[in-house]
Amino acid sequence: MDTSNPAVFVNGGMLRMFVGRRVRTVIQVIRYDAGAVVGKSTDDHQLVVKGSPPSQPLTTWVEIIGIADSSQSIRADIWTNFGDNFDPYCYNQLCQLANGEYKQLFF
């Protein structure tokens, strides 16, 4: 496992704190729009994901790893399908832990 450039767990509301850094988040795919994917974060923020999605079709929920371009966009390096059933509440709790009291456990 390469730990030289870890990706911070974020939801839509946290993205603004990590602009220019490597992040990972999960979105619910809403639509494809002019070379980008528009999605809803697990805390209901609209995000735009730029980059080339994988050749296989995206599922409803997708994990994105890449560089936060702005408070509402990510330039994706890695796209991982998470299927059509996903619990956004649990992911938000994970983001809170990974950026709060237990930050040291997440690199």
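The radius of gyration is taken here over C-alpha atoms, and the rule for a globule is 2.2 Å times the number of residues to the power 0.38. The structure under discussion is a predicted model. For its 107 residues, a compact globule would have a radius of gyration near 13 Å, and the protein has 13 Å, which agrees with the rule. Taken along the principal axes, the box filled by the C-alpha atoms is roughly 40 × 25 × 25 Å.

The surface and the interior may be considered next. About 6200 Å² of the protein is exposed, and carbon and sulfur atoms supply 50% of that area. A residue is called buried when its relative accessible area is under 20%; by this criterion, 37% of the 107 residues are buried. Contacts also link distant parts of the chain: among those between residues at least 6 apart in sequence, 55% join residues at least 24 apart.

The secondary structure consists of 6 strands and 1 helix. Along the sequence these elements follow the pattern β-β-β-β-β-β-α, so the helix comes after the strands in the chain. Strand β6 (residues 73-83) pairs with strands that include β4 and β5. Strand β4 (residues 46-50) runs parallel to β6, and 3 bridges join the two. Within this pairing, V48 has S73 of β6 as its bridge partner. Strand β5 (residues 61-70), in contrast, runs antiparallel to β6 and is joined to β6 by 9 bridges. One position in β5 and β6 that may be inspected is G66, which stands opposite A76 in β6. The connection from β5 to β6 is a hairpin of 2 residues. As a general point, the side chains of a regular strand alternate between the two faces of the sheet.

The helix, α1, spans residues 88-98. At its start, a side-chain oxygen of D87 comes to within 3.0 Å of the backbone nitrogen of Y89. Which residues of α1 are buried? They are Y91, N92, C95 and A98. Viewed down the axis of α1, these buried residues fall within an arc of 125°, and therefore they line one face of the helix. The cover over the buried residues of α1 includes two strands, β1 (8-9) and β2 (22-33).

Notes
Residues numbered from 1 in each chain as written. Predicted model: local features only at pLDDT ≥ 70, side-chain atom pairs only at ≥ 80, totals over all residues. Heavy atoms only, no water. Buried < 20%, exposed > 50% of the residue type's maximum accessible area, 1.4 Å probe, protein only. Helix = DSSP H or I, 4+ residues; strand = E, 2+ residues; numbered from the N terminus. Arc of directions from axis to C-beta. Contact = heavy atoms within 4.5 Å. Polar contact = N/O pair within 3.5 Å; in protein donor to acceptor, adjacent residues only side chain to side chain. Pairing = 2+ DSSP bridges. Areas by Shrake-Rupley, 256 points an atom, 1.4 Å probe, with all protein chains shown as cover.
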